[in-house]
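Please look over the sequence and the model below, and then read the report that follows, which deals with pockets, charged pairs and cysteines.

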Amino acid sequence: MDTGDVFDPDCPTRVVLDRIGDKWSTLVLLSLRGGPMRFTQLRTRIGGVTPKVLTQTLRAMEQDGLVTRKVFAEVPPRVEYTLTELGHSLHGPLSVVAEWAERNVAEILRCRESFS
């Protein structure tokens, strides 16, 4: 299967949308755009994510081929995460969505407030 159909409920593209629609995955991708980062650096950059959730997110992203994990034989061990070519290809579209969110957050919050 080369392409999918996001409107087909049985198509695996829905799983892909779940991954890229997950806020933690998006923030990891945006954080890694500048190059490799260690776990603590990622956690600090993202803010508000628990170590458990970040670990789960990184593992899922590695499994999906979006990031790589490199362990350095040092004491203590050093681990770095890097975007793969596939992960880099997703950076452009996610950056546009992130910029849209930043530009429109005030309007969204005003709408929410007036809806109540």
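How do the residues of the lining of the largest pocket divide into nonpolar, polar and charged? In this predicted model, the lining of the largest pocket consists of eight nonpolar, four polar and five charged residues. The space in this pocket amounts to about 400 Å³, and 17 residues line it, with T26, L27, L30, A98 and E102 lying nearest its centre. Two or more lining residues are given by each of the elements α1 (13-21), α2 (23-31), α3 (39-46) and α5, and it is α5 that provides the largest share, namely seven residues.

The second largest pocket has a volume of about 150 Å³, and its lining is made up of P12, V15, V16, R19, I20, D64, L66 and L86. Here the largest share, four residues, comes from α1, and the lining divides into six nonpolar residues, no polar ones and two charged ones.

We now turn from the pockets to the charged side chains. Side chains of opposite charge can pair when their charged atoms come close. A search of the whole structure finds four salt bridges, and the table gives three of them, including the distance between N and O.

| Salt bridge | N to O distance |
|---|---|
| R78 and E74 | 3.1 Å |
| R78 and E80 | 2.9 Å |
| E107 and R110 | 2.9 Å |

R78 appears in the table with E74 and again with E80, and the residues E74, R78 and E80 are linked in a network of salt bridges. Within this network, R78 counts as buried because its relative accessibility is 19%, and E80 is likewise buried, with a relative accessible area of 19%. E74, on the other hand, has a relative accessibility of 37%, so this residue counts as partly exposed.

The pair of E107 and R110 belongs to helix α5 (residues 85-115), where the two residues are three positions apart, which is about one turn of the helix. E107 is partly exposed, since its relative accessible area is 39%.

Finally, there are the cysteines to consider. A disulfide is a covalent bond between the sulfur atoms of two cysteines. How many disulfides does the structure hold? The structure holds zero disulfides. As for individual cysteines, C11 counts as buried because its relative accessibility is 7%, whereas C111 is partly exposed, with a relative accessible area of 40%.

Methods
Residues numbered from 1 in each chain as written. Predicted model: local features only at pLDDT ≥ 70, side-chain atom pairs only at ≥ 80, totals over all residues. Heavy atoms only, no water. Salt bridge = Lys/Arg side-chain N within 4 Å of Asp/Glu carboxyl O. Buried < 20%, exposed > 50% of the residue type's maximum accessible area, 1.4 Å probe, protein only. Disulfide = S-S within 2.5 Å. 1 Å grid on protein atoms, 1.4 Å probe; cavity = no way out; pocket = protein on both sides within 12 Å on 5 of 7 lines; lining within 4 Å. Points joined across faces, edges and corners; volume = space filled by probe spheres on them. Nonpolar A, V, L, I, M, F, W, Y, C, P; charged D, E, K, R; others polar.
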